[in-house]
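Here's a walk through one protein structure, a few spots at a time. Keep the model open beside you and click along as you read.

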Amino acid sequence: AIIEMAMSIYDNQQRQPVECRRIGADKRLQLTLGFTRTAACRLIRDGFTGTDDVERVDANFMLKVLVVDCNDEQALKNNIVENAHRNWTTDIDDAHNQNMLREKYGYSNEDIAKLYQQKTTAKVIRLQGLLQLSKEEQLLVHEGKLSTTAALDLIPLDAEKRTEIIQSLQGEDGKIKGSA
């Protein structure tokens, strides 16, 4: 996705600026929106070969930045909204972001569902269950090797049994195949 973004920006210019906010006593910039665009622009400055095997480089490329005033909570909310509209997050990403909203900012499941533009709290509650998994199991879900549904089905089992089942069903490509 980053290489494709870099190709598009190199060939067609950067259409949308990234968003930063000023933080700390020295007022340094912190990126709040546009992580993929920023990584793509770094590729342009450093040089890269596109999916079309064409080499591209512009060492003088300048990233367009919009500087906004916002606090930590607003920065998180802005990031969630941008990524939710682009569907660039996984269920694990969403589960962790939603948990941060709950624990750090006191959001209810209803507040979170509203932010994610969901009609009910069902998905919010479902994703909350993913946080019961081990980091290794969460990584499998994040990488698309274990479906969210299968992961949630495994939660009632103890960690050792979950690991045993996952290993027995894991193919050479790392994906979980079949059912137990």
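Start at C20 in this predicted model. Leaving aside residues up to four places away in sequence, C20 touches L29, Q30, L31, T32, V65, L66, V67 and V68. You'll find C20 in strand 1, which covers residues 18–23. With a relative accessible area of 7%, C20 falls under the 20% cut-off and so counts as buried. If you want a distance to check, take C20 and G34: they sit 14 residues apart along the chain, and their C-alpha atoms are separated by 8.8 Å.

**Salt bridges**

Next, the charged pairs. The model has 8 salt bridges in total. Three of them are listed here, with the gap between the closest N and O atoms.

| Pair | Closest N and O atoms |
|---|---|
| R56 and D11 | 3.2 Å |
| R56 and D52 | 2.8 Å |
| E164 and K161 | 3.3 Å |

Take the R56 and D11 pair, with its 3.2 Å gap. R56 lies in strand 4 (residues 55–56) and D11 in helix 1 (residues 2–12), so this salt bridge ties together parts that are 45 residues apart in sequence. Is R56 buried or exposed? R56 is buried, at a relative accessible area of 6%. Its two partners are another story: D11 is partly exposed at 46%, and D52 is partly exposed at 39%.

The E164 and K161 bridge is a local affair. These two are 3 residues apart in helix 9 (residues 159–169), so about one helical turn separates them. E164 is partly exposed, with a relative accessible area of 46%, and K161 is partly exposed too, at 35%. Back at R56, shared partners link the salt bridges of D11, D52 and R56 into one network.

**The two sides of helix 9**

Stay with helix 9 for a moment. Which of its residues are buried? They are R162, I165, I166 and L169. These buried residues span an arc of only 100 degrees around the axis, so they end up on the same side of helix 9. That buried set packs against helix 7 and helix 8, the latter being residues 148–154. Turn to the face pointing away from the buried side and you'll see the exposed residues E160, Q167 and S168.

**Helix 4 and its neighbours**

Now swing over to helix 4 (residues 91–105), which packs with helix 7 (residues 135–142). Their axes are 7 Å apart and make an angle of about 125 degrees. That angle makes helix 4 oblique to helix 7. On the helix 4 side, the contact uses I92, D93 and H96, and these meet Q138, V141 and H142 in helix 7. Sorted by type, the residues of this contact come out as 2 nonpolar, 3 polar and 1 charged.

Helix 4 also packs with helix 6 (residues 122–129), at an angle of about 100 degrees and with the axes 9 Å apart. How are helix 4 and helix 6 set relative to each other? Roughly perpendicular, because an angle from 65 to 115 degrees counts that way. In helix 4 the contact residues are D91, D94, A95, Q98 and R102, and across from them in helix 6 are K123, V124, L127 and Q128. Here the split is 3 nonpolar, 2 polar and 4 charged.

**Two loop residues with positive phi**

Last stop: the backbone. Most residues other than glycine have a negative phi. Q13, which isn't a glycine, has a positive phi near 75 degrees. Q13 sits in the loop between helix 1 and strand 1. With a relative accessible area of 53%, Q13 is exposed.

D53 is another such case: no glycine, yet its phi is positive, at about 65 degrees. Where is D53 found? Look in the loop between strand 3 (48–49) and strand 4. D53 is exposed as well, with a relative accessible area of 66%.

Conventions: Residues numbered from 1 in each chain as written. Predicted model: local features only at pLDDT ≥ 70, side-chain atom pairs only at ≥ 80, totals over all residues. Heavy atoms only, no water. Salt bridge = Lys/Arg side-chain N within 4 Å of Asp/Glu carboxyl O. Helix = DSSP H or I, 4+ residues; strand = E, 2+ residues; numbered from the N terminus. Buried < 20%, exposed > 50% of the residue type's maximum accessible area, 1.4 Å probe, protein only. Axes fitted to C-alpha atoms, helices over the stretch in contact; angles between N-to-C directions. Parallel < 35°, antiparallel > 145°, perpendicular 65-115°, else oblique. Contact = heavy atoms within 4.5 Å. Nonpolar A, V, L, I, M, F, W, Y, C, P; charged D, E, K, R; others polar. Arc of directions from axis to C-beta.
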